[in-house]
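Let's walk through this structure together, moving from the overall fold to the strands, the rings and the cores. Keep the view open as you read.

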Amino acid sequence: KLANSAANAGTATAIALTSVGTGTHTFSRTITFDGSSATVVDVTNNTITLPAHGLNSGDYVQYNNGGGTSIAAVGFASGSSWWVYAQDANTIKLCPTQQDAIGDPATATYVDFTLTGTGTAHTIVKKVVFDTTASGVVDTANEQLNIPAHGLNTGEIVQYQVGDSATAIGGLTDNETYVVQFIDDDTIKLQNSTTLAPTAYRDWE
């Protein structure tokens, strides 16, 4: 489910999805961090500290420098895309391939940071891409979206974007932000209410 505030993502009424739309759609979740901080960007251990990041190993993300100077590493430019290795609940590394991200950490290749950047508005953006014309993705009867291995959790704020030449899902607005309610590993809803005690959470373990 999706809600309009993080506080409400568990008990609010789901947004009514009135039509499936067409084409490719995206939910984007943005994590902002201080790219100039040596305690956030650890160039010795090649980690980025993002408290309670909620990312999974194998997630595909985009890095942006937020108008500052990019963190220094080979190929690590603003707008570049990488795979996440979730070292723990607060720390990630970035990998050039998905196999590195989900394989043996002892033999994986990680982005080798050499210098912190400048600016406090660097971002890691996770994108969940799905095709609404695929059978069963938009369930209007149950007001839910069936997106296999979506990796989203209750309370996460996402931006909904309609792809080129696609049409929006009925009930949702292009470039609007919503709050997720996790139903299961493959299903979410979106909500409108404003008072919420979350009731279901993804088990990141």
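**From fold to core**

In this predicted model, the secondary structure of the protein consists of one helix and 13 strands. Reading from the N terminus, you meet the elements in the order β-β-β-β-β-β-β-α-β-β-β-β-β-β. Of the 205 residues in the protein, 47% are buried. Take the contacts between residues at least 6 apart in sequence: 73% of them join residues at least 24 apart. The accessible surface comes to about 9300 Å², and carbon and sulfur atoms account for 49% of that area.

A good place to step inside is strand β5, residues 60-64. Which strands does β5 pair with? One partner is β6 (residues 81-88), joined to β5 in the antiparallel sense over three bridges. Another is β8 (residues 122-131), also antiparallel to β5, with four bridges. Val61 shows both pairings: Trp82 stands opposite Val61 in β6, while Lys126 is the bridge partner of Val61 in β8.

Now turn to the aromatic rings. A pair of aromatic rings is described by the distance of the centres and the angle of the planes. The protein has seven aromatic pairs. In one of them, the ring centres of Tyr63 and Phe76 are 4.3 Å apart and the planes meet at 25 degrees; planes under 30 degrees apart count as stacked, so this pair is stacked. Because Tyr63 belongs to strand β5 and Phe76 to the loop between β5 and β6, the pair ties together parts that are 13 residues apart in sequence. Both Tyr63 and Phe76 are buried. With Trp82 and Phe113, Tyr63 and Phe76 form one aromatic cluster, and you may recall Trp82 as the residue opposite Val61.

Phe113 leads us on to Thr47, since the contacts of Thr47 include Phe113. Thr47 lies in strand β4, residues 47-49. Is Thr47 buried or exposed? Its relative accessible area is 6%, and buried means under 20%, so Thr47 counts as buried. Leaving aside neighbours within four places in sequence, Thr47 is in contact with Val40, Val41, Asp42, Gln87, Thr91, Ile92, Lys93 and Phe113. Lys93 is worth a closer look: its charged end sits over the ring of Tyr110, 4.5 Å from the ring centre.

Finally, let's look at the nonpolar cores. In soluble globular proteins, nonpolar side chains tend to be buried together. The largest nonpolar core here has 20 residues, and those touching the most other members are Phe27, Leu145, Ile169, Leu172 and Leu190. Two or more residues of this core come from each of β8, β11 (157-162), β12 (177-184) and β13 (187-190). The largest share, three residues, is given by β11. A second, separate core has 19 residues, including Ile48, Ile71, Ala73 and Ile124.

Which residues does Ile169 touch? Not counting residues up to four places away in sequence, they are Leu17, Ser19, Val20, Gly21, His25, Phe130, Thr132, Val138, Leu145 and Tyr160. Leu145 also brings us to Ile188: their C-alpha atoms are separated by 5.4 Å, although the two residues are 43 apart along the chain. Ile188 is found in strand β13, and with 0% relative accessibility Ile188 counts as buried.

Conventions. Residues are numbered from 1 along each chain as its sequence is written. This is a predicted model: local features need pLDDT of at least 70, side-chain atom pairs count only at pLDDT 80 or more; totals for chains, interfaces and linings use all residues. Side-chain values use heavy atoms; hydrogens and water are left out. Two strands pair if DSSP finds at least two bridges between them. Rings of Phe, Tyr and Trp (its six-membered ring) pair if their centres lie within 6.5 Å; planes under 30 degrees apart count as stacked, over 60 as edge-to-face and the rest as tilted. Buried means under 20% relative accessible area, exposed over 50%, partly exposed in between (1.4 Å probe, protein chains only). A charge sits over a ring if NZ of Lys or CZ of Arg is within 6 Å of the ring centre and within 35 degrees of the ring normal. Contact means heavy atoms within 4.5 Å. Accessible areas come from the Shrake-Rupley method with a 1.4 Å probe; for residues, only the protein chains shown count as cover. A nonpolar core is a set of buried Ala, Val, Leu, Ile, Met, Phe, Trp, Tyr and Cys residues joined through side-chain atoms within 4.5 Å.
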